[in-house]
Structure formats: C-alpha cells, structure tokens
Amino acid sequence: MKDYYKILEVEPSATLEQIKSQHRFLIHAWHPDKFPSADLKTKAEEKVKAINEAYDVLGNHLKREKYDKVF
C-alpha cells in the first residue's frame with residue numbers, strides 16, 4: 001500500500017487545510033511544463049499522478065478515515 005502521507009510530505013496528523021496547501025505546492029513544483037527534457041517531463045507526470053492520487057484519498061474525509069484504518 002502506498003504511503004500517501006509520504007507522497008504529500010505531510011504528517012498523519014495534518015489538517016485538511018495543510019493537505020490542500022501542500023497539494024497545491026507540490027503540483028506547482030512538479031508541473032510537467034517546467035521540465036524541458038522528455039525524461040524529466042515523464043518523471044514529473046508520474047509524480048503529479050501520485051500526488052493527485054494521494055490527495056484524492058487524503059483530501060476526502062471519508063476516504064482518509066478508511067485509509068487510516070488500513071494503513
């Protein structure tokens with residue numbers, strides 16, 4: 001199972017506002033258009049997918065509760 005807290009670089013005790021803020025920060029930092037080479041662009045696209053997947057779970061109260069019980 002993926003560690004969504006690690007992907008978003010937040011503590012498990014992070015508030016929803018902290019998670020939203022960190023999501024925005026990471027998406028901005030890893031935006032694929034910032035990387036000129038194809039290799040780096042591909043890596044950034046993969047990173048953005050992982051960040052969005054983590055945010056989809058941690059940014060939703062019900063999904064986060066379910067995730068925390070399993071994790």
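This report covers the nonpolar core, the aromatic pairs and a surface patch of a predicted model.

Local features need pLDDT of at least 70 and side-chain atom pairs count only at pLDDT 80 or more, while totals for chains, interfaces and linings use all residues. Residues are numbered from 1 along each chain as its sequence is written, and side-chain values use heavy atoms, without hydrogens and water.

The largest nonpolar core (buried Ala, Val, Leu, Ile, Met, Phe, Trp, Tyr and Cys residues joined through side-chain atoms within 4.5 Å) has 13 residues, of which Tyr4, Leu8, Val10, Ile19, Leu58 and Tyr67 touch the most other members. Two or more residues of this core come from each of α1, α2 and α3 (38-58); helices are DSSP runs of H or I with at least four residues. Leu58 is in contact (heavy atoms within 4.5 Å) with Tyr4, Tyr5, Leu8, Leu16, Ile19, Arg64 and Tyr67, leaving aside residues up to four places away in sequence.

There are 4 aromatic pairs, with ring centres within 6.5 Å; planes under 30 degrees apart count as stacked, over 60 as edge-to-face and the rest as tilted. Two of the stacked pairs are tabulated.

| Pair | Centre distance | Plane angle |
|---|---|---|
| Trp30 and Phe35 | 5.9 Å | 25° |
| Tyr67 and Phe71 | 5.2 Å | 10° |

Tyr67 is buried at 4% relative accessibility, whereas Phe71 is partly exposed at 49%; buried means under 20%, exposed over 50% and partly exposed in between, with a 1.4 Å probe and protein chains only. Both residues belong to one aromatic cluster with Tyr4 and Tyr5.

Methods. Rings of Phe, Tyr and Trp (its six-membered ring) pair if their centres lie within 6.5 Å; planes under 30 degrees apart count as stacked, over 60 as edge-to-face and the rest as tilted.
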